[in-house]
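The following note is offered to a colleague who has not yet examined this structure. Please read the points in order, with the display open alongside.

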Amino acid sequence: MPAPPHTSVTYHIPGLDCSEELALIERGLRDRPGIEEITPDYLNRNLRVTVDPERTTEGDVAAQLKQIGFPPQQQSNSADGAEKATSAISQHWTTALGGALILAAAGAYMFGAPWEVVSGTLIVSTLCSGLPVARAALRSVRLKWLDMNALMTIAATGAVLTGETSEAAAAMFLFGVSIWLESYSLDRARRAVRTLVAL
């Protein structure tokens, strides 16, 4: 009997924005038997996985994606799934809070506040801006991979431990802004494509 044809399954991965996330996904799935091909769609945050149905199932792949930190939401071909995506602003509110704390620390320094107060505020700013970065870094470390998130977390931690709290806060805030800009530009591209398709 001929072998059954391979099956392609599309998963919606909210955290799939660029090649760095794809590298982590491929690293997490590379030992899974039956996975033949992985194709990303960054614009719609979709991942198409071609599997051998005799060696693995759709549910097995979904469980593995969840385990490595990319829980999927299976999405139909309809466009309404994109409408349910969380806005970039709400995803990165911690970065905005980190920036506000930097301004607060600068104001406190100008008005002669003790350095302990200024430094403490900058440390809290680093923690706020670095929260999503550290979360992504932890995911990559679990997969034994040092990506940019892990490197930035290590650098910020080292800066805080050596007393360079202003550099740590500024670096984490700017890195958070860059992530927000990436997400914002992708959201704009998605809206433009949906408008074009509607026309």
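1. V141 is partly exposed, because its relative accessible area is 46% (buried means under 20%, exposed over 50%, partly exposed in between, with a 1.4 Å probe and protein chains only). V141 belongs to helix α6, residues 115-142; helices here are DSSP runs of H or I with at least four residues, strands are runs of E with at least two, and both are numbered from the N terminus. Its C-alpha atom lies 10.0 Å from that of L24, a residue 117 positions away along the chain.

2. The model is predicted: local features need pLDDT of at least 70, side-chain atom pairs count only at pLDDT 80 or more, and totals for chains, interfaces and linings use all residues. Residues are numbered from 1 along each chain as its sequence is written, and side-chain values use heavy atoms, with hydrogens and water left out.

3. V141 joins L146, M148, L151 and I154 in a nonpolar surface patch with about 470 Å² of accessible area together. Such a patch takes residues with over 30% relative accessible area and no salt bridge, its nonpolar side chains (Val, Leu, Ile, Met, Phe, Trp, Tyr) being joined within 5 Å; areas follow the Shrake-Rupley method with a 1.4 Å probe, only the protein chains shown counting as cover for residues. A salt bridge is a side-chain nitrogen of Lys or Arg within 4 Å of a carboxyl oxygen of Asp or Glu.

4. Helix α7 (residues 148-161) supplies the largest share of the patch, three residues. I154 is located in this helix and counts as exposed because its relative accessible area is 52%.

5. Turning to the interior, the largest nonpolar core contains 18 residues, and L47 and L65 have the most contacts inside it. A nonpolar core is a set of buried Ala, Val, Leu, Ile, Met, Phe, Trp, Tyr and Cys residues joined through side-chain atoms within 4.5 Å. At least two residues of this core come from each of β1 (7-12), α1 (19-29), β2 (35-41), β3 (46-51) and α2 (58-67), with α1 giving the largest share, four residues.

6. Strand β3 is mostly covered, five of its six residues being buried. It runs antiparallel to β1, with six bridges, and antiparallel to β2, also with six bridges; strands pair if DSSP finds at least two bridges between them. Within β3, T50 is the bridge partner of S8, and V51 that of I35.

How values were computed: Patch = residues over 30% accessible without salt bridge, like charges linked within 9 Å, V, L, I, M, F, W, Y side chains within 5 Å.
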